[in-house]
Amino acid sequence: MKSFELVLAIASFLLLASGMVFKKNKRSPFSEPIVGLAAGILLGPQVLRVLQMQEWGPPEQIMRVACQLTISMALLATAFRIPKGFFLQHKGQQTKLVLLGMIGMFLVSGFIIKLVFGFDWTLSFLIGAVITPTDPVLASTIVSGQAAEDLLPERIRHTISFESGANDGMAYSLVLLPMLLLEKGSEAVTEWMVRTVLYETVGGIVLGMVIGYLAAKTLVLATAKGWTAKPALLVFSLSLGFFVLGLLELIHMNAIVGVFAAGFIANHELSREEDIEQEEVQEAMERIFTLPVFFLFGLILPWHDWLMMGWKAAAVVAGILLLRRLPVLFALGPLLKFPKKDDLAFIGWFGPIGVAALFYAMHALHKTGHNEVWHVASLIIFASTIIHGITGYHFAKWYNKKHGKS
């Protein structure tokens, strides 16, 4: 257990240290995910060899649990950050962005993977599905905090937040389709429609909304009767996220989409007095797990497998980061109707690939045994973490200089 104690000590130290300069980090290229990633690389088997995750158990199982906990907290924080009424006011625009944008990114990514690596179509689109969702963990480093509020208009920040929360869970259906096709062939389509789409995803949304509604109403009642106090808000949000995550996993529903649905409804039902839009609650929820999960990711990066890709590694990174999202959003521009073309440019660039893709990559690896999923997806996640992390604040400054916050 010495390794676990060492990981706990290191991760806690990094959280303490980053907390001392949290606001400064928000205005620098060194976001918490990059700090965690760098620490994992430094202490991992490729450099100092202080920590070996393989000694603790199957890395895919460890990372799946770490990713689930991190995504759960990120989705709750994202849901609580979106103002009441934002979706209803922009429901047409946001629905098109989430659904059509997700399908477009899935198709473009699959074609790029096929073109670069020459995998069969099913495997190519499985990897494309894995890297489709916009990650709420990395997105929060771009759209939350005082720096983002000073530089970016609300429509951009809330749009990225809502999309990253919604398509995180919706992408589960896209990931499951090629996985089932690899396992069962064409007969898997019916099972995918009935079990994955209707039961797991739609059922997860409905049950998550019911739980979020009941939990919020209970908190309002408890507050009115004087049974609870303001400090209970953090406990409420943590408990709600973990309860939905655990329950939906037990009954084999889509827990990721369920957590966001629960937080989204809970946020709408809480009164101003119980509102969880407080910055300190959001930051605590996001930061508790963000840095540690990227620290663990840094420990297991498959450097050798990336080097074996040769020129294809650079080609797939460039192709995905430049073409997976930007052209899709510009193609959808007439439907989305953003007031400025630079809105599309900013939102189109900042669709980071992070913890959600990491979870789906581990899930696909565990279920299919195709190492190619992990090798390619991990490379793209690593590149997105670095490149989007470095460019985030500078692109926000560029937008503000050109348009202000109007």
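A residue counts as exposed when its relative accessible area is over 50%, and as buried when that area is under 20%. With those cut-offs in hand, the predicted model can be explored, beginning with a residue in a loop. His252 has a relative accessible area of 55%, and is therefore exposed. This histidine sits in the loop between helix H12 (232-250) and helix H13 (255-269). Its backbone also deserves a look, for His252 has a positive phi of about 60° although it is not a glycine.

Lys337 makes a good companion to this first example. Its phi is near 60°, again a positive value in a residue other than glycine. Lys337 belongs to the loop between helix H18 (333-336) and helix H19 (341-349). With a relative accessible area of 66%, Lys337 is exposed. A positive phi also turns up at a glycine: just after helix H20, Gly369 takes a value of about 75°.

How far can the prediction be trusted from place to place? For the protein chain the mean pLDDT is 87, and 91% of its residues reach 70 or more. Among the elements of the chain, helix H16 (residues 311-323) has the highest mean pLDDT, 97, whereas helix H2 (residues 22-25) has the lowest, 58.

Helix H20 is a helpful one to follow on the screen. It runs over residues 355-368, 14 residues in total. From its first C-alpha to its last, H20 reaches 20 Å, close to the 20 Å expected at 1.5 Å a residue. Of the 14 residues of H20, 11 are buried, so this helix is largely enclosed by the rest of the structure. The buried residues are Val355, Ala356, Ala357, Leu358, Phe359, Tyr360, Ala361, Met362, His363, Ala364 and Leu365.

Attention can now turn to the nonpolar interior. The largest nonpolar core has 103 residues, and those with the most contacts inside it are Met63, Ile113, Val130, Phe295, Phe297 and Val316. H20 gives the most to this core, with 10 residues. A second, separate core has 22 residues, including Ala139, Ile142, Val328 and Tyr399.

What does Ile113 contact, leaving aside its neighbours within four places in sequence? Its partners are Gly118, Phe119, Ser124, Ile127, Val316, Ile320, Val376 and Ile380. One of them, Val316, is itself named among the residues with the most contacts inside the largest core.

Thr196 offers another view of a buried position. This threonine is found in helix H11 (residues 188-224). Its relative accessible area is 0%, so Thr196 is buried. Not counting residues up to four places away in sequence, Thr196 touches Tyr172, Ser173, Leu176, Leu180, Glu191 and Thr201.

Aromatic rings come next. A pair of such rings is described by the distance of the centres and the angle of the planes. The structure holds 22 aromatic pairs. In one of them, Phe242 and Phe289 have ring centres 6.1 Å apart and planes at 85°, so the pair is edge-to-face. Phe242 lies in helix H12 and Phe289 in helix H14 (residues 279-299), so the pair ties together parts that are 47 residues apart in sequence. Phe242 counts as partly exposed, at 31% relative accessibility, whereas Phe289, at 19%, counts as buried.

The rings of Trp349 and Phe395 give an example of stacking. Their centres are 6.1 Å apart and their planes at 25°, so the pair is stacked. Because Trp349 lies in helix H19 and Phe395 in helix H21 (residues 371-403), this pair ties together parts that are 46 residues apart in sequence. Trp349 counts as buried at 12% relative accessibility, while Phe395 counts as partly exposed at 32%. Both rings belong to one aromatic cluster, formed by Phe346, Trp349, Phe350, Phe395, Trp398 and Tyr399. Tyr399 also appears in the second nonpolar core.

A ring can have a charged partner as well. Lys114 lies over the face of Trp121, at 5.2 Å from the ring centre.

Finally, Asp305 invites a comparison of sequence and space. Its place is in helix H15 (residues 303-309), and at 28% relative accessibility it counts as partly exposed. How far apart are Asp305 and Arg324 in space, C-alpha to C-alpha? The answer is 23 Å, for two residues that are 19 residues apart in sequence.

Conventions: Residues are numbered from 1 along each chain as its sequence is written. This is a predicted model: local features need pLDDT of at least 70, side-chain atom pairs count only at pLDDT 80 or more; totals for chains, interfaces and linings use all residues. Side-chain values use heavy atoms; hydrogens and water are left out. Helices (H or I, at least four residues) and strands (E, at least two) are DSSP runs, numbered from the N terminus. The expected span of a helix is 1.5 Å times one less than its number of residues. Buried means under 20% relative accessible area, exposed over 50%, partly exposed in between (1.4 Å probe, protein chains only). A nonpolar core is a set of buried Ala, Val, Leu, Ile, Met, Phe, Trp, Tyr and Cys residues joined through side-chain atoms within 4.5 Å. Contact means heavy atoms within 4.5 Å. pLDDT is the predictor's confidence in each residue, from 0 to 100. Rings of Phe, Tyr and Trp (its six-membered ring) pair if their centres lie within 6.5 Å; planes under 30 degrees apart count as stacked, over 60 as edge-to-face and the rest as tilted. A charge sits over a ring if NZ of Lys or CZ of Arg is within 6 Å of the ring centre and within 35 degrees of the ring normal.
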